[in-house]
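Please look through the structure below with its ligand in view. The paragraphs that follow take up single residues, a helix, the ligand site and some backbone geometry.

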Amino acid sequence: MTLSEMRLLLDAENLRLTRSLGQNFLHDGNQLRRIIALAEIQPGDAALEIGPGLGPLTEALLLAGASVLAIEKDHRLIPILQRRLGTQPGLELIHADALDWLAQFPRDWSRWKLVANLPYSVGSPILVDLAQSPQPPKSLTATLQAEVVDRIRATPGTPEYGLLTVLLAEAYQPGPSFRIPASCFFPAPDVASACIRLDRRPQPLVAPDRAPAFRSLVKRAFSQRRKQLRTVLRGQLPDERLASAWQRMGFAPDVRAETLSPETFAQLLDALEPRG
Ligand code: SAM
């Protein structure tokens, strides 16, 4: 879908785009092809798309031979999508808020690939919700604010490293990414954008029964990232338990959350709450 086709369609429908829904539509064919290539879409793949908008990425996914489950919140876009792509046998279109829908209808996503140009206001929560689902997708390929992509890719000790990095690292490893110029969207967003693929780890960093404790430890640890970790955890855990875990981990007394890798957090959980 070219920019002029997009403009004509919006004019014909008398549709004013909604900023709060992150409606910056991608019209650049080259970038759409790069997203499909990054997601490594093969004929027969099952793709979950959140926020199809006017459908340019949906169309590219269908063309690449994927079947698509697309969830769109804006009711005004549903008849347009149905008219444009509704006859395609591989498309299932759902009108819903994706965050609500994912929570309401949990399913086995393990064979699925998420491919989406996510609304920036809910991009991180959508990725975290999917990553924390019991059977998360094979891969997550998402266009996001470049600043969020930097946080996902961040390494310990950098300012970008934090809660989002570690929550996603529990089940995923960041793969390749690339920047998308603002001029490729209509209207051009005020912030820089990038597309990243995250690949599901063969094994998550923590066993499923330990996942809630891992998430709660990490959330607590990053709630005051500038403070010493031991001070942050004090109050929640007995002092002796913290002391013995610190010794077992070989941590300096003043260690901070922002310096610990996701793998180290998983080991710290075992030191704090030994299995069985
Ligand atoms: N995929 C299209 C494209 O690439 O041009 C549109 C992407 S646009 C950045 C984000 C889309 O997500 C919009 O169509 C918006 O209406 C939709 N959206 C916003 N919040 C949503 C939510 N919570 N659930 C589902 N869709 C949402």
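Does S133 count as buried or exposed, and why? S133 counts as buried because its relative accessibility is 15%; buried means under 20% relative accessible area, exposed over 50%, and partly exposed in between, with a 1.4 Å probe and protein chains only. The model is a predicted one, in which local features need pLDDT of at least 70 and side-chain atom pairs count only at pLDDT 80 or more, while totals for chains, interfaces and linings use all residues. Residues are numbered from 1 along each chain as its sequence is written, and side-chain values use heavy atoms, with hydrogens and water left out.

S133 is found in the loop between α6 (123-131) and β6 (139-145). Helices here are DSSP runs of H or I with at least four residues, strands are runs of E with at least two, and both are numbered from the N terminus. From this loop, the side chain of S133 reaches the backbone oxygen of L130 at 2.6 Å. A polar contact is a pair of N or O atoms within 3.5 Å; within protein, one must be able to donate a hydrogen and the other to accept it, and residues adjacent in sequence count only if both atoms are side-chain atoms.

The next element is helix α3, residues 56-63. Six of its eight residues are buried, so α3 is largely enclosed by the rest of the structure. The buried residues of α3 are P56, L57, T58, A60, L61 and L62. After α3 comes G65, with a positive phi near 95 degrees.

Now to the ligand. It is surrounded by 21 residues, and the closest are L26, G51, E72, A98 and N117; a residue is near a molecule if one of its heavy atoms lies within 4 Å of it. By class, this shell has ten nonpolar, six polar and five charged residues. Ala, Val, Leu, Ile, Met, Phe, Trp, Tyr, Cys and Pro count as nonpolar, Asp, Glu, Lys and Arg as charged, and the others, Gly among them, as polar. An oxygen atom of the ligand lies 2.8 Å from a backbone N or O atom of L26. Polar backbone atoms also approach ligand nitrogen: one of K73 at 3.3 Å and one of A98 at 2.9 Å. The protein covers 98% of the 600 Å² of accessible area that the ligand has on its own, by the Shrake-Rupley method with a 1.4 Å probe.

Which elements give two or more residues to the shell around the ligand? They are β1 (25-26) and β3 (67-72).

Some backbone geometry remains. Most residues other than glycine have a negative phi, and most peptide bonds are trans. N14, which is not a glycine, has a positive phi of about 55 degrees; N14 lies in the loop between α1 (3-13) and β1 and is exposed, with a relative accessible area of 68%. E40, also not a glycine, has a positive phi of about 50 degrees. E40 lies in the loop between α2 (29-38) and β2 (46-50) and is partly exposed at 46% relative accessible area. The peptide bond from F186 to P187 is cis, with omega near -10 degrees, and P187 lies in the loop between β8 (185-186) and β9 (193-200).

Last comes W246, in helix α11 (residues 239-249). W246 is buried, with a relative accessible area of 3%. W246 and A271 are 25 residues apart in sequence, and their C-alpha atoms are 8.2 Å apart in space.
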